[in-house]
Amino acid sequence: MNHLAHLFLAQSNTDLMVGNFIADQVKGKQLLDYSTQIQKGIKMHRAIDHFTDNHDIVMNSKERLFSKYHKYAAVIVDMYYDHILARNWKDFSPISLKQFASSAYQVLVAKSNQFPERSQRILKYMSKDDWLSNYAHIEGIDKALKGLAYRATFNSKMEEASHELELDYELYKADFNAFFPDLLNHIQPWLVDLD
């Protein structure tokens, strides 16, 4: 899952949201630099990623893309799933995606002085260009994938990946709809004892 899903899943607690947002930039013993609740958010992010990466349905989604995108298939599927979550937001949340995104940016900006430098840079561009709301549009996902392709070490071809989403949209949507309830159940233990 990508930024939107991680923040959505952690929204019950601001420190969980922070931990989920910065997790990819926190390595090794750096985890100990953060409060217990932010550490919990980092660990929650990792648990979400592990569950997602090893789920049969997600593996089917990645398999469709693997011959062209190889190891980047997993990144692309994460983006596709964030798009499907954003596009069908009203099925999952009583507040609008715009309201959620605005609130999430406020939470993250308020705590950004604690972030690793790379996370601060990501947040700057994410909030400025409203990535979270724009994930609901193919154009937004296309722009995000082109940005990832630009930063990739190897020729990822991710700049072309929105085309596959459009071609097989109903297949990816069906995969997401079958997978996401499993993920929601899986993360429930992370949402207890948040005081």
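This report describes the largest pocket, the aromatic pairs and several individual residues of a predicted model.

## The largest pocket

The largest pocket encloses about 1000 Å³ of space. Its lining is made up of 34 residues, and those closest to the pocket centre are N2, H3, R118, L148 and R151. Sorted by class, the lining comprises 15 nonpolar, 10 polar and 9 charged residues.

Several helices take part in this lining. At least two residues each come from α1 (3–9), α2 (14–22), α3 (36–53), α5, α7, α8 and α9. Helix α9 makes the greatest contribution to the lining of the largest pocket, supplying 6 residues.

## Aromatic pairs and the ring cluster

Across the whole structure, a search identifies 11 aromatic pairs. One of them joins F176 and F180 in a stacked arrangement, with 4.8 Å between the ring centres and 20° between the planes. These two residues stand 4 positions apart in helix α11 (residues 169–187), so about one helical turn separates them. F176 has a relative accessible area of 0% and is therefore buried. F180 is likewise buried, also with a value of 0%.

Ring pairs also build a cluster that contains F8, F51, Y81, W89, F92, F100, F176, F179 and F180. The stacked residues F176 and F180 are thus both members of this cluster.

## Arginine side chains over tyrosine rings

Two arginine residues place their charged ends over tyrosine rings. In one case, the charged end of R64 lies over the ring of Y172, at 4.7 Å from the ring centre. In the other, the charged end of R87 lies over the ring of Y169, and the distance to the ring centre is 4.8 Å.

## Buried residues D78, S162 and H55

D78 belongs to helix α5, which spans residues 73–87. With a relative accessibility of 15%, D78 is classed as buried, because the cut-off for burial is under 20%. Apart from neighbours within four places in sequence, the residues in contact with D78 are M1, N2 and T52. Among these partners of D78 is N2, which is also listed with the residues closest to the centre of the largest pocket. S61 lies 17 residues from D78 along the chain, and their C-alpha atoms are 9.8 Å apart.

S162 is found in helix α10, which covers residues 161–167. Its relative accessibility of 8% places S162 in the buried class. Beyond neighbours within four places in sequence, S162 is in contact with Y80, I138, D142 and L145.

H55 is located outside the helices, in the loop between α3 and α4 (56–69). H55 is nevertheless counted as buried, at 12% relative accessibility. When neighbours within four places in sequence are set aside, H55 is in contact with F179 and D182. F179 is in turn one of the residues linked by ring pairs into the aromatic cluster.

## Loop residues with positive phi

Two residues other than glycine have a positive phi. For D130, phi is near 50°. D130 is placed in the loop between α7 (117–128) and α8 (131–134). The relative accessible area of D130 is 14%, and the residue is therefore buried.

K157 also has a positive phi, of about 65°, although it is not a glycine. This residue is situated in the loop between α9 (138–151) and α10. K157 is partly exposed, as its relative accessible area is 31%.

## R46 in helix α3

R46 is part of helix α3, one of the helices that supply at least two residues to the lining of the largest pocket. The relative accessibility of R46 is 35%, and R46 therefore counts as partly exposed. Outside the neighbours within four places in sequence, R46 is in contact with A23 and V26. D91 lies 45 residues from R46 in sequence, and the C-alpha atoms of R46 and D91 are 25 Å apart in space.

Technical notes:
Residues are numbered from 1 along each chain as its sequence is written. This is a predicted model: local features need pLDDT of at least 70, side-chain atom pairs count only at pLDDT 80 or more; totals for chains, interfaces and linings use all residues. Side-chain values use heavy atoms; hydrogens and water are left out. Buried means under 20% relative accessible area, exposed over 50%, partly exposed in between (1.4 Å probe, protein chains only). Contact means heavy atoms within 4.5 Å. Rings of Phe, Tyr and Trp (its six-membered ring) pair if their centres lie within 6.5 Å; planes under 30 degrees apart count as stacked, over 60 as edge-to-face and the rest as tilted. A charge sits over a ring if NZ of Lys or CZ of Arg is within 6 Å of the ring centre and within 35 degrees of the ring normal. On a 1 Å grid over the protein atoms alone, a cavity is a set of points where a 1.4 Å probe fits but cannot get out, and a pocket is an open set with protein on both sides within 12 Å along at least five of seven lines; lining residues have an atom within 4 Å of a point. Grid points are joined across faces, edges and corners, and a volume is the space filled by probe spheres set on the points. Ala, Val, Leu, Ile, Met, Phe, Trp, Tyr, Cys and Pro count as nonpolar, Asp, Glu, Lys and Arg as charged, and the others, Gly among them, as polar.
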